[in-house]
Every structure is written in C-alpha cells, then in structure tokens.
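User: I'd like to learn how to read the features of a protein–DNA model. Could you take me through one, step by step?

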Protein chains: 2
Amino acid sequence: MPTAEPRFDGRRVRGDRTHHAILRRAVDIASVDGLEGLTIGRLAGGLGLSKSGLFAHFGSKEELQLSTAGAAAAIFADEVVAPVAARAEPGLARLVALLDGWCDYLRGDVFAGGCFFIAASAEVDGWPDGPVRDAVAGQMRRWERVLTEYAEDARRRGELAPDIDPAQLAFELDAFGMAMNRAWRLHRDATAFDRGRCAMRSRLERDATPAGRASLAVAA
Amino acid sequence: MPTAEPRFDGRRVRGDRTHHAILRRAVDIASVDGLEGLTIGRLAGGLGLSKSGLFAHFGSKEELQLSTAGAAAAIFADEVVAPVAARAEPGLARLVALLDGWCDYLRGDVFAGGCFFIAASAEVDGWPDGPVRDAVAGQMRRWERVLTEYAEDARRRGELAPDIDPAQLAFELDAFGMAMNRAWRLHRDATAFDRGRCAMRSRLERDATPAGRASLAVAA
DNA sequence: CCTACCGATCGGTAGG
DNA sequence: CCTACCGATCGGTAGG
C-alpha cells in the first residue's frame, strides 16, 4: 500500500495539469466549431496525445462535452462575475459593472470563437433532452438569474423604479449582449460594442429613479 | 436533337419537384443540427434516395449548404417579409406589423429546429471566410436593413422622433427577437413571447412622437 | 498514458 | 437517378 494518497502523488498532479490543458483547448475548439464539432481525435492531435489516451480522461464524448461546458463556466465566472461580485455593495453601480465586464469579455476574445455560451446554447437548443443540453441551459439560467438579482437589488435600494419587473429588464439587457456578440462575430462590426453599451445604458436610464440616475452618472 | 427544351420536359419538372423537396427537408435538418450537421447520407436516407443520387443535385456539400441557406431565405421572405411589404403604406404601423409577423414566425416552428438564421449565424460566425459564411452573413444583413429602413420610413413620416438613429433602434429590436428565440428554444419558456413583444413595444414607444403613439395605440 | 484495432459514417468519385 | 467503391475520420474498445 502506498504511503501517499493518490491525490498527492506526482502522477495525479501531472494528470490534473494535463486535464486542465485539455479542457482549456476543448473550450476554444467548441467555441469555434461547437460541442459536436469538438472531436476527440482533433483535440488529442492538437495536444500531441493519442486519441485513446485523451479518451481515457473522460470515458465518453458526452463526458468530454460536459467537462468542457463546466470549464467554460468556470472561466466565465472568474473573468466576468467574480470580480464584480467581490465588490461589497449591491446596487445599480454593481449591475453596470457587471454589464461592462460582460461587454469587455465579449470583445476580448476570451475564447477563440467568441462567447462559448451564446454559441453552445444556440447549438444545443435543438438537441433532445439530455445531460449536455441540461448543463448548458442551466448555465444560461444561472447567468440570467445573476442579472435579475442585481437588478432586483438596485430596485430594492430605490435606484430603479419600484414597479419595474427585474426579470424583464434582465431579459432586455441580456438581449443586447447577444446582439453585440453576433454583430461582432458575424459581421466583424466593432461599432456593435457602442450600440450594445448605448442600448444597455439608455435601458437602465428608463427604469432608473432620480437616485439611480445619479449612480449612472457616476458610473459613466 | 430533342424537340422540347429540357426546361419543359417531364424529367425537368420532376427534377425540380425533387429539388424542392430535398431543400425543404435540408432546411429542417440544418435548423436542428446546423449546416455542418446536415449530412448528405442522412438527407438522402430520409428522402429514400441514394447518397450519390442526392449528391448529383448539388455537386458538393458546400453547394448543398448554400442552396439550403437560399431556400431558408425564400421561406422567411414569403412567410414574414412579403405579407408586410405588400401593405402599401410605409410607417410605424408597418414596422409593428413586421415585428408581429416575426414573433409569430419564431413561435410557429416554421422550421423544425427554430429560426434557421439565428442558428446558422451563430454556427458560421466562427468559420473562415467563404461562400457559406458570406451567404448567411448577407442574409442577416438584409434582415437588419429591412428593420432599419422601416424605422427610417417611420421617422421620415414623423412617427418616430427626428433625432433617433434608425440603425440603433433596429439593433435593439433585432436583439429582442434573438432573446425571444433563445428563451423559447433553450428553456421552452413561452413567456418569452410576452417579454419580447413587451420589450419591442416599449422600445418603440420611447422613440415615438405623439403621432407615432397614436399609430401604436391603433396597432395594439 | 500507448498501439492496434472495431464498425459506422463522412464527403466524394467511377461508371453506368 | 443507381450500385459500388475510395480514403479519412468518427466514437469507442482491447490489452497493455
């Protein structure tokens, strides 16, 4: 019996590093060619691994797709949500910061083929029910919920009008990000970022109270 | 030398019918599994044709993809744009009618997997430049231009404020349709149609002049 | 992690 | 439109 737990031996550490490298590349491939276009052979070849060697990490293509979606979610959370959530203060300024970070992320080509989630949700929305479809749909729900909660916080603080529907506001802000992504990726139209940001700002202004408008002016 | 032109002999007529049937099914498959997921073997099998028999209609997969995109555009034009364009009068009511028709189309499952274009543009936006990417991007541009022109007409008629940017308005209205489609297809959330329509209406109201508001009230 | 292999399917061709 | 075929690649397995 070995004295060290597998978790701490050299092989496991090396294995984790390989696993991480695989998934980072898998997310990039999937962002370009989709979760179905992410093939085991291509992923392995690009990393200098054998197909079966890579396959052993996941056991099935479905598991690879699930792990890839999970890795993308972790990157998005680190890159966009966490830096803003770390700000102590809920409110309209935090919602604006989240939207700003999101726009930067959409422009910044964090993934090789643009936003993994916008691409993946368009891809899997026609798939039959199953773990991958559920995972992607759940990740989008989580994002929509963050937007809604941040809007709800701003409303509760009196920065957005008391009679607004936070979910409706979140729906519209989310829509602007999607449209921004499409114009940028499909038409390579960089003015889309101005259009998207302008749309978000004027939409927020519409629902803002005088106190909220003050917050928006500061954030600008 | 045959006496009749090929265009009028029985084979050609039968061939056209087959061609049409192939493309109608191709659009459905592509709306579910994408233009890459549209395979010649599967398309042929579903129609009771041999692979090579079907292949002879197009000559390459790329040609099949281009023809499929063209067929989808023709269906969309017939179903959504033409009925509204046939109305003589440009103006805000016509823009509202176009948006209404679009929402009905998005809900109506005209294609098996939802809007072919929203799916196709998310798919090809990561492809290298080429005829298929160009064709899909061009079709989206045409739609964006129709929205923009209708908004511009309404502005010229004094129904929308003179200082608005029709392209910005079109961008936002388009965004709401995309978000509607995603919520419906990914989350199977039928309330998305209310959200989308509500977003469109209030967005139009924001830019409308008093004359425009009267048109909106009539259209409601 | 590897080599070597499986049956199925891919886009495409030859020849009729 | 067909049968018969090509090389490449797919997801996955056996065995180490």
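Analyst: Happy to! Let's start with vocabulary: helices (H or I, at least four residues) and strands (E, at least two) are DSSP runs, numbered from the N terminus. A residue is near a molecule or strand if one of its heavy atoms lies within 4 Å of it. This is a predicted model, where local features need pLDDT of at least 70, side-chain atom pairs count only at pLDDT 80 or more, and totals for chains, interfaces and linings use all residues. Residues are numbered from 1 along each chain as its sequence is written, chains are lettered from A and ligands numbered from 1 in the order in which they are written, and side-chain values use heavy atoms, with hydrogens and water left out.

User: Which helices each supply at least two residues of the surface near DNA strand D?

Analyst: They are α2 (40-47) and α3 (51-58) of chain A, along with α3 (51-58) of chain B. The largest share, 4 residues, comes from α3(B). Of the 17 residues around the strand, those that come nearest are T39(A), K61(A), T18(B), S50(B) and S52(B).

User: Which polar contacts should I look at there?

Analyst: A polar contact here is a pair of N or O atoms within 3.5 Å; within protein, one must be able to donate a hydrogen and the other to accept it, and residues adjacent in sequence count only if both atoms are side-chain atoms. In chain A, a side-chain N or O atom of T39(A) is 2.6 Å from a phosphate oxygen of DNA strand D, and a polar backbone atom of I40(A) is 3.1 Å from a phosphate oxygen. On the base side, a polar side-chain atom of S52(B) lies 2.5 Å from a base oxygen.

User: How do I read the relation between chains A and B?

Analyst: Two copies of a chain are related by a rotation about an axis and a shift along it. Copies are superposed by least squares on the C-alpha atoms of residues with pLDDT of at least 70 in both. Here, a rotation of 180° with 0.0 Å of shift along its axis places chain B on chain A (RMSD 0.0 Å). That is the relation of a two-fold axis. In chain B, the residue closest to that axis is A175(B), its C-alpha at 2.5 Å.

User: And how are α4(B) and α7(B) oriented to each other?

Analyst: They are roughly parallel, a label for angles under 35 degrees (over 145 is roughly antiparallel, 65 to 115 roughly perpendicular, the rest oblique). Their axes come within 9 Å and cross at roughly 10°.

Terms used:
Axes are lines fitted to C-alpha atoms, for helices over the stretch in contact, and angles run from 0 to 180 degrees between N-to-C directions.
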